[in-house]
Amino acid sequence: MTDQGDRWTAEQVLDLAPDDASRKAGGRLGGAGPWLQIGSSASGSVWGLCKGSGSKPYRTVVDLTGPAYKCSCPSRKFPCKHALGLLLLWSAEGVGEPGEAPEWAAQWLADRAAKAARPPGGRTAPVDEEAARKRAERRAARVGAGVTELEQRLADLLRGGLAGQEQAGYAGWEETAARMVDAQAPGLAGRVRELGTIPSCGPGWPARMLEEAALLHLLDRAWLGVAGLPEELAATVRSRVGLPASGEGEAVRDRWLVLAQYDTVSPDGRLTTRRIWLRGSAGGRPALVLDFGPPGRPPGLALPVGLVLEAEMRFRPGSAGLRADLGERFAAAVPCAEVPAGVSTGAALEAYGAALREDPWLESWPVVLGPVVPIPGELGWQLADAEGTSALPVPLTGGARSRGGLWQLAALSGGGPVTVFGECGHRGFTPLTAWQPGSTEPVALS
């Protein structure tokens, strides 16, 4: 799975669940659950005591390098809800600093280590890089088998046509997603679940389903040929499939301007995702920092829009160079004294197109537009260049934006040009933050 340096997100944890009931139960235990004791070890494991219906608490331990699970509860599901809840706490860094595991957890971990180190014939040998390589090969083989099965599922979908998907229901897609979890490809499982929800998303769903099925097919083919891809694209493919990043990414120190921050909640309410967009003042590099909050707990990281902080960003391999983790801060954050420079709508599309060459599954690219004029219309809103004839449509669905935020943008504009930051994607431009002419005060669009 990973070590404690490559912490999984809550989404990746929940994709391990064997069914929807386990995801919901695990999500509850990953929040303010009845944990009597939790902890982690420096060797890469987490453990906890969870109060159940009986007199004795359930003993749960997870070996993060597997992943492998052990729980004293009577559940036959694998992993059980207690293991999922414990992993959610770990993903949110809620298990504290590593310490010594209790005897019952340490014994199970020691038995696993001894078994892994025992070659055929019963003689013990130290775990080495060769063993790690073989484990990676075994996982790659499992993922490959899952990808082959998924390709057959997509072929059956197209052979049978999309028209019957509304009547077919979601159960078949949930079963396919569970198969991807078994194949240790949680990223594929998440995309399969999203694909299965499209037939219930209103008019125009067949076109959207065909688009997403094509992207999923592209990801399958990319995985099957990942050995021949350039390293950056290969890292993106591994990340999209659901494998943790290997190695450390680039560390960049700069003065980072916080351009936007907003939260989204998963359809079932299990997970809150906070997206924070930043841009380096000196290098101009964009950065996306994600933070997650399990049920009952908001994300812990908050960076108000308009602040500038001198800090180091550690960019993760792949993902078009966007995903980053906030590292050491070197000075207190201060308000920005100027409006960020904007580009034309044409330049925004070119930037998104260039990013797609690195990550074909990228839904959007961060862009500061300006000067542009927001224009409402019967067929939808547009952001038009103040000088020129080009414009970008504004989608009214998806993301964190609402129609009220668009009228707020129109009020700020007053019919004149403004500077707007947002996400430029294949469906248009989603505005997130705006600056009025003559003011350096950013306005977050609700």
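Axes are lines fitted to C-alpha atoms, for helices over the stretch in contact, and the angle between two of them is taken between their N-to-C directions, from 0 to 180 degrees. Keep that in mind for the first stop of this tour, and remember throughout that the model in your viewer is a predicted one.

**First stop: three helices**

Select helix α5, residues 129–160, together with α9, and look along the two axes, which come within 10 Å and cross at roughly 150°. Angles over 145 degrees count as roughly antiparallel, and that makes α5 roughly antiparallel to α9. The crossing in which α5 passes α9 is left-handed. To see where the two helices meet, show the side of α5 that carries A140, V143, G144, V147, L150, E151, L154, L157 and L158, and then the residues of α9 that they meet, among them M209, L210, A213, L216 and H217. Colouring this contact by class gives 13 nonpolar, two polar and three charged residues. An α-helix has 3.6 residues a turn, so residues three or four places apart point the same way.

Keep α9, residues 205–224, on the screen and add helix α10, residues 231–241, whose axis comes within 10 Å of that of α9 and crosses it at roughly 120°. The two helices, α9 and α10, are therefore oblique to each other, and their crossing, too, is left-handed. On the α9 side the contact is made by L219, A222 and W223, while α10 contributes V237, R238, R240 and V241. By class, this contact of α9 with α10 has five nonpolar residues, two charged ones and no polar ones.

**Second stop: the sheet of four strands**

Now select β1 to β4, which form an open sheet in the order β1-β2-β3-β4 with antiparallel pairing. Which strands stand at the edges of this sheet? They are β1, residues 35–41, and β4, residues 68–71, and each has a single partner strand, so one side of each is left without a neighbour in the sheet. From one strand to the next, the twist averages 10°. Zoom in on β3, residues 58–63, which pairs with β4 in the antiparallel sense over four bridges, and find T60, which stands opposite C71 in β4.

Add helix α3, residues 81–91, and you will see that α3 lies across β1, β2, β3 and β4, running at about 60° to β3. Helix α2, residues 20–29, is worth showing alongside, since its buried residues are S22, R23, A25, G26, G27 and L29. These buried residues of α2 pack against several elements, including β1, β2 and α3.

**Third stop: a hairpin**

Move on to β6, residues 272–280, and β7, which run antiparallel and are joined by eight bridges. Within this pair, R279 stands opposite P286 in β7. Five residues lie between the strands of the hairpin, where G284 takes a positive phi near 75°. In a regular strand the side chains alternate between the two faces of the sheet. When you display β7, you will find P286, L288, L290 and F292 pointing one way and A287, V289, D291 and G293 the other way, and all are buried.

**Last stop: the sheet of six strands**

Finally, select the six strands that form an open antiparallel sheet in the order β13-β12-β11-β14-β15-β16. Its edge strands are β13, residues 391–394, and β16, residues 443–444, each of which pairs on one side only. Strand β12, residues 381–385, pairs with β13 in the antiparallel sense over four bridges, and A384 of this strand stands opposite A391 in β13. Helix α11, residues 345–358, packs on the sheet, where α11 touches β11, β12, β13 and β14, and its direction makes about 165° with that of β11.

Is L369, which is found in strand β11, buried or exposed? At 0% relative accessibility, L369 counts as buried. Leaving aside neighbours within four places in sequence, the contacts of L369 include T345, A348, L383, L392 and T419. Show P340 as well: L369 and P340 are 29 residues apart in sequence, yet 9.4 Å apart in space, C-alpha to C-alpha.

End the tour at T419, which lies in strand β14. Buried means under 20% relative accessible area, so T419, with 15%, is buried. Apart from residues up to four places away in sequence, T419 touches V339, P340, V368, L369, G370, T433, A434 and W435.

Methods. Residues are numbered from 1 along each chain as its sequence is written. This is a predicted model: local features need pLDDT of at least 70, side-chain atom pairs count only at pLDDT 80 or more; totals for chains, interfaces and linings use all residues. Side-chain values use heavy atoms; hydrogens and water are left out. Two strands pair if DSSP finds at least two bridges between them. Contact means heavy atoms within 4.5 Å. Angles under 35 degrees count as roughly parallel, over 145 as roughly antiparallel, 65 to 115 as roughly perpendicular and the rest as oblique. A crossing is left-handed if the near helix is turned anticlockwise from the far one by less than a right angle, and right-handed if clockwise. Ala, Val, Leu, Ile, Met, Phe, Trp, Tyr, Cys and Pro count as nonpolar, Asp, Glu, Lys and Arg as charged, and the others, Gly among them, as polar. Buried means under 20% relative accessible area, exposed over 50%, partly exposed in between (1.4 Å probe, protein chains only).
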